Amino acid sequence: MPDVLVGIALGSNLGDRSAELDAGISFLRLLSTNDEVRESPRIETLPVDCPPGSPAFLNSVAEIEIDTVVLPPLNLLGCLQEFEMERGRSPLRDVNAPRPLDLDIIYYGIERIDQMGLVIPHPRTTTRRFVLEPLSHLRPDLVLPGQTKTIAELLTELPN
């Protein structure tokens, strides 16, 4: 099977947020078949659906090439979750609790997946400015599987 382009949302709202995103990018470079990572500009955002008093996030989006044989979607998810825990994310936590590093698969080529705790494209991508805005810098013309509008179009439809 061929390599596919995979979009990963990165976020951090604990510790040295920029250093956490740097660590995430370095980790993604190791997963990439060509050792390359395209990263969007980083943006600071207010927490969404987080416990009261949660600190602001630093967010970006990265795109890498993945070998679908070596890292099928569920294996990729496992690698990302393991790395999050290495960076200090607690496996037992409140929903959307503050965390040093959050890595979410936005898209995996043109795949649509809904199995065993993994939904691709990420189900809330189209409603979250902190994902669409950085992604629009990398792939404004991308149409996610199951959508009819580009990332740029979806972004313009979001309220400020």
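Phe-27 and Phe-83 are both buried in this predicted model. A pair of aromatic rings is described by the distance of the centres and the angle of the planes. By the rule used here, the count comes to 1 aromatic pair. The ring centres of Phe-27 and Phe-83 lie 4.1 Å apart and their planes meet at 5°, so the pair is stacked. Because Phe-27 belongs to helix α1 (residues 17–31) and Phe-83 to helix α2 (residues 73–86), the pair ties together parts that are 56 residues apart in sequence.

Charged side chains form a further set of links. Side chains of opposite charge can pair when their charged atoms come close. The structure holds 10 salt bridges, including those in the following table.

| Salt bridge | Closest N to O distance |
|---|---|
| Arg-87 and Glu-20 | 3.0 Å |
| Glu-39 and Arg-42 | 2.8 Å |
| Glu-63 and Arg-139 | 2.5 Å |

The side chains of Arg-87 and Glu-20 meet in a salt bridge, and this pair links distant parts of the chain, with Arg-87 in the loop between α2 and β5 (102–108) and Glu-20 in helix α1, 67 residues apart. The two partners differ in their surroundings: Arg-87 has a relative accessibility of 32% and therefore counts as partly exposed, whereas Glu-20, at 11%, counts as buried, the limit for buried being under 20%.

Glu-63 lies in strand β4, which spans residues 57–67, and is buried, with a relative accessible area of 5%. The salt bridge of Glu-63 with Arg-139 also links distant parts of the chain, since Glu-63 sits in strand β4 while Arg-139 sits in the loop between α3 (129–138) and α4 (151–157), 76 residues apart. Arg-139, at 22% relative accessibility, counts as partly exposed. The side chains of Glu-63 and Arg-139 are also joined by a polar contact of 2.5 Å, and the side chain of Glu-63 makes another polar contact, of 2.4 Å, with the side chain of Tyr-107. Leaving aside residues up to four places away in sequence, Glu-63 touches Leu-5, Val-6, Glu-36, Val-37, Arg-38, Tyr-107, Leu-138 and Arg-139.

Salt bridges that share partners join Asp-22, Glu-39 and Arg-42 into one network. Within this network, Glu-39 forms a salt bridge with Arg-42; Glu-39 counts as partly exposed at 28% relative accessibility, and Arg-42 is likewise partly exposed, with a relative accessible area of 27%.

Key
Residues numbered from 1 in each chain as written. Predicted model: local features only at pLDDT ≥ 70, side-chain atom pairs only at ≥ 80, totals over all residues. Heavy atoms only, no water. Helix = DSSP H or I, 4+ residues; strand = E, 2+ residues; numbered from the N terminus. Buried < 20%, exposed > 50% of the residue type's maximum accessible area, 1.4 Å probe, protein only. Polar contact = N/O pair within 3.5 Å; in protein donor to acceptor, adjacent residues only side chain to side chain. Contact = heavy atoms within 4.5 Å. Phe/Tyr/Trp six-rings, centres within 6.5 Å; stacked < 30°, edge-to-face > 60°. Salt bridge = Lys/Arg side-chain N within 4 Å of Asp/Glu carboxyl O.
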